[in-house]
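Got a ligand-bound model on your screen and a few minutes to spare? Let's walk through it together, one question at a time.

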Amino acid sequence: MADDAPDNDESLLESAGELFGDRLQLANRYAALLADTGVTHGLIGPKEGDRVWSRHILNCAVLAELIEPGARVLDMGSGAGLPGIPLALARPDLEIVLLEPLARRVDWLCSVLDELDLPVTVVRGRAEERMVRREWGGADVVTARAVAPLARLAGWALPLLRTGGRLLAIKGSSAAAEVTRDGAAVHGFGGSPPRMVQCGGTHVDPPTTVVVVERTASRGRTPEARRTGGRQR
Ligand SMILES: C[S@@+](CC[C@H](N)C(=O)[O-])C[C@H]1O[C@@H](n2cnc3c(N)ncnc32)[C@H](O)[C@@H]1O
C-alpha cells in the first residue's frame, strides 16, 4: 500500500483479523487511542492518525513470527508501545516489559494498558542504567524500533539479554548499511554478526525489515567498544 494512503484497505482489516484473532477488538481500541491521545500527546506524528494500522500496528505485530513461545520480551524505547503492545495483543503467551524513560510517555502507556486490561509491565528507565540491567536483564528477546543506530542499540540491548537471547531491531531502508557499518561494534559488545530478515510479507507491504543480533558471549565491552561508547563514529 502507498505510504500516504489512509487505512481503508480491506486487506489491512483481513490481516488485522488474522494477526489478532479474538483480540481484534482490543487492537481496535488501541488503534483508536493511538490515533486520538497518541497524536495529541505527541507520541506519533500529527499526520499519522489515519494510518496507525499500516504505519504502526500491523508492521510491528508481524514481529511475532520471529519470537519463540513463552519468551520474555523487553521492548526498549517503547514510546507509544511500539512494537510491545501489538506484540502483546497478537501473542498473549509472551511476557512483555515496556521500557521507556520519558514520564509523560510512561503515563500514557500505563493508562492505555489499564484501559485494555493487558498484563504488560511498564518500566521507566534507560536501557543502559544499572538498575534496569539488574532488575530486567536476562530477557530472551529485546525489541526496538526507531530508537538508535545499530551499534548503540547493541551496546544497550546485549547486556539486557541472556546468552543466546536476541535483539530484534525493526529498521527501515538504512538496515543494510547499518549491518555493514556496525558489525564490528556489535561484535565488540558480544553480539553475533547482525543479519537482516524480513517478516510479515503476507500481511504488510513492504514486509517489515528486522536486524537480528544474538548475544553470543557474556563478556563486557572490548577496549574498542569502551573507547567508542557504542556510538556511531
Ligand atoms: C523515536 S521514539 C520510538 C518509539 C517507538 N519505539 C516507536 O517505534 O514508535 C524513541 C524512543 O526511545 C526512547 N529512548 C531514547 N533513549 C533511550 C534509552 N537509552 N533507553 C530506553 N529508551 C530510550 C525515547 O524516549 C523514545 O520514546
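## Around the ligand

Q: How far is an oxygen atom of the ligand from an N or O atom in the side chain of Arg-145?
A: Bear in mind that we're looking at a predicted model here. The pair in question joins a ligand oxygen to a side-chain N or O of Arg-145, and a polar contact needs such atoms within 3.5 Å. Arg-145 makes the cut, with a distance of 2.6 Å.

Q: How much of the ligand's accessible area does the protein cover?
A: Taken on its own, the ligand has 600 Å² of accessible area. With the protein in place, the covered share of that comes to 81%.

Q: Which residue has a polar side-chain atom 2.6 Å from an oxygen atom of the ligand, besides the arginine we just met?
A: Let's go by the closest residues in the shell, which are Gly-77, Leu-82, Glu-100, Arg-105 and Arg-145. The one we're after puts a polar side-chain atom 2.6 Å from a ligand oxygen, and that's Glu-100.

Q: Which side chain has an N or O atom 3.4 Å from a nitrogen atom of the ligand?
A: This time the ligand atom is a nitrogen, and the distance is 3.4 Å. The cut-off for a polar contact is 3.5 Å, and the side chain on the protein end belongs to Arg-126.

Q: How many residues of the shell around the ligand are charged?
A: The ligand is surrounded by 15 residues. Seven of the shell residues are nonpolar and three are polar, while the charged ones number five.

Q: Which pocket does the ligand sit in, and how much space lies there?
A: The ligand's place is the second largest pocket. That pocket is lined by 22 residues, and Gly-77, Gly-79, Glu-100, Arg-105 and Val-147 lie nearest its centre. Its lining divides into 12 nonpolar, five polar and five charged residues. So much for the walls; the space in the second largest pocket is about 400 Å³.

Q: Is the peptide bond from Leu-82 to Pro-83 cis or trans?
A: Leu-82 is among the closest residues to the ligand. Pro-83 lies in the loop between β1 (72–76) and α5 (84–90). Omega for the bond joining Leu-82 to Pro-83 is near 10°, making the bond cis.

Q: Where is Pro-206, at the end of the peptide bond from Asp-205?
A: The bond from Asp-205 to Pro-206 is cis, with omega near 5°. Pro-206 belongs to the loop between β6 (195–199) and β7 (208–214).

Conventions:
Residues numbered from 1 in each chain as written. Predicted model: local features only at pLDDT ≥ 70, side-chain atom pairs only at ≥ 80, totals over all residues. Heavy atoms only, no water. Near = heavy atom within 4 Å. Polar contact = N/O pair within 3.5 Å; in protein donor to acceptor, adjacent residues only side chain to side chain. Areas by Shrake-Rupley, 256 points an atom, 1.4 Å probe, with all protein chains shown as cover. 1 Å grid on protein atoms, 1.4 Å probe; cavity = no way out; pocket = protein on both sides within 12 Å on 5 of 7 lines; lining within 4 Å. Sits in = over half its atoms within 2 Å of the grid points. Nonpolar A, V, L, I, M, F, W, Y, C, P; charged D, E, K, R; others polar. Points joined across faces, edges and corners; volume = space filled by probe spheres on them. Helix = DSSP H or I, 4+ residues; strand = E, 2+ residues; numbered from the N terminus.
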